[in-house]
Amino acid sequence: MIDTDVDLSTANTLALPARAERLARPADVDELARVLTGRGADPLFVLGGGSNLVLTGDLPGLTVMPVFDEVSYRQVDEGLAQVRVGAGVVWDRLVADTVAAGWQGLENLSWIPGNAGAAPFQNIGAYGVELAEVVSTVEAVSVEDGSNISFDADQCEFAYRDSLFKSRCRGEFIITHLTLNLRRGNACRLDSFRLDYGGLAERLAGDGPVTPARVREAVIALRQSKLPDPATLPNAGSFFKNPVVSLTHYQRLLERYPDLVSFPVAEGRKLAAGWLIERSGWKGRRLGPVGMHDQQALVLVNHGGATAVDVLSLAAAVREDVRQRFGVELEQEPVLMPGA
Ligand SMILES: Cc1cc2nc3c(=O)[nH]c(=O)nc-3n(C[C@H](O)[C@H](O)[C@H](O)COP(=O)(O)OP(=O)(O)OC[C@H]3O[C@@H](n4cnc5c(N)ncnc54)[C@H](O)[C@@H]3O)c2cc1C
């Protein structure tokens with residue numbers, strides 16, 4: 001069934017006003033194929049949990065929200081299992097279930113809002129782990145001809161908050177399922193956990209053996225202490241990616257700002273965008289109904305009644321100040337829909 005003129009203001013975590021001309025919620029691949037066949041030449045948008053979006057206006061044509069909800073496990077051997085999950089499964093529900101069952105692999109990616117189908121789109125990442133590290137395959141339907149395609153992880157062109165689906169083939173595929181690799185038992189040695197990021201190791205120190213469940217608890221506690229809950233303060237998580245600069249540029253900045261926060265990467269140095277924004281004076285500062293959060297300068301929040309124009313004006317002002325002060329270009333992380 002396709003609904004018409006659907007209010008999307010509660011379907012995006014920035015709580016921006018927008019409506020979908022027509023909204024379909026296919027529950028399986030056959031239903032999705034039927035919906036696509038009947039679309040004609042209408043514009044097409046894909047919506048998950050709406051947690052990484054700036055809705056810039058009403059969505060014309062057809063919006064598809066896959067609600068595929070199947071989750072199935074396959075034990076490969078004693079230490080390795082694979083979980084195949086439908087695009088409509090809430091990501092953190094999956095993480096909670098795998099961790100509760102004792103499986104390792106997703107615990108660092110706890111408490112990220114949104115649905116499983118969007119996770120490969122921007123290669124979600126947190127606490128030193130990216131989805132790319134656990135993906136086996138991504139199944140999708142081609143928007144052009146409705147055919148089913150399965151991508152191996154190395155075909156997905158995963159990069160920092162990026163993939164084939166977000167960049168080179170944007171708009172060409174609707175992701176329907178992912179298959180993820182999980183470990184358990186003896187395969188979960190201490191050195192197989194990623195704890196060297198964001199205070200995780202300190203939080204876990206001295207309290208008995210490290211388990212996926214304990215890592216998940218620690219990640220959730222850390223995230224809740226830093227990130228605003230979209231249910232009470234609408235936001236889309238990190239609004240900008242951490243920019244990568246050359247080593248020469250980094251050295252120049254370091255001379256002027258010895259406390260600059262950064263991480264080594266193959267291409268040069270990744271700078272903490274939150275630090276750059278805070279040092280540009282934007283932490284906790286508002287512009288009309290929007291502002292940069294007072295605990296986490298990287299998160300743009302809607303204090304109430306904001307429109308996309310408010311959001312994009314603030315983003316432009318922040319980007320300009322960071323460019324002026326540090327000579328660094330910030331790239332927006334959430335997707336504009338409809339695009340610019
Ligand atoms: C408080 C908060 C914290 C966050 N923390 C993190 C974090 O730590 N790490 C991180 O990486 N992200 C984070 N995010 C961003 C966001 O949660 C993730 O990017 C998430 O994967 C988006 O999922 P979604 O279902 O809400 O996607 P949506 O916002 O609905 O869609 C995002 C994009 O994906 C596309 N898309 C969605 N589903 C599909 C599909 N099935 N097939 C093809 N394309 C699709 C959409 O068309 C759109 O372009 C955070 C967001 C919030 C609000």
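In what follows, Ala, Val, Leu, Ile, Met, Phe, Trp, Tyr, Cys and Pro count as nonpolar, Asp, Glu, Lys and Arg as charged, and the others, Gly among them, as polar. With that in hand, welcome to this predicted model. Its ligand has 32 residues around it, and the protein buries 94% of the 980 Å² that the ligand exposes when taken alone. Here is a short tour of the ligand's surroundings, followed by a look at one pair of helices.

**Who surrounds the ligand**

- The shell around the ligand is made up of 17 nonpolar, 13 polar and two charged residues.
- Val-46, Gly-48, Gly-49, Ser-51 and Gly-125 are the residues that come nearest to the ligand.

**Polar contacts with the ligand**

- Gly-50 brings a backbone N or O atom to 2.8 Å from a ligand oxygen atom.
- Gln-122 uses its side chain instead, with a polar atom 2.8 Å from an oxygen atom of the ligand.
- For Ile-175, a backbone N or O atom sits 2.8 Å from a nitrogen atom of the ligand.
- Strands E8 (125-126), E12 (173-183) and E13 (235-238) are the elements that each give two or more residues to the ligand's shell.

**How H2 meets H4**

- Helix H2 (residues 91-100) packs against helix H4 (residues 212-226) at an angle of about 145°, and their axes are 9 Å apart.
- On the H2 side, Asp-92, Val-95, Ala-96 and Val-99 take part, meeting Pro-212, Ala-213 and Arg-216 of H4.
- Sorted by class, this contact has five nonpolar and two charged residues, with no polar ones.

Technical notes
Residues are numbered from 1 along each chain as its sequence is written. This is a predicted model: local features need pLDDT of at least 70, side-chain atom pairs count only at pLDDT 80 or more; totals for chains, interfaces and linings use all residues. Side-chain values use heavy atoms; hydrogens and water are left out. Axes are lines fitted to C-alpha atoms, for helices over the stretch in contact, and angles run from 0 to 180 degrees between N-to-C directions. Helices (H or I, at least four residues) and strands (E, at least two) are DSSP runs, numbered from the N terminus. Contact means heavy atoms within 4.5 Å. A residue is near a molecule or strand if one of its heavy atoms lies within 4 Å of it. A polar contact is a pair of N or O atoms within 3.5 Å; within protein, one must be able to donate a hydrogen and the other to accept it, and residues adjacent in sequence count only if both atoms are side-chain atoms. Accessible areas come from the Shrake-Rupley method with a 1.4 Å probe; for residues, only the protein chains shown count as cover.
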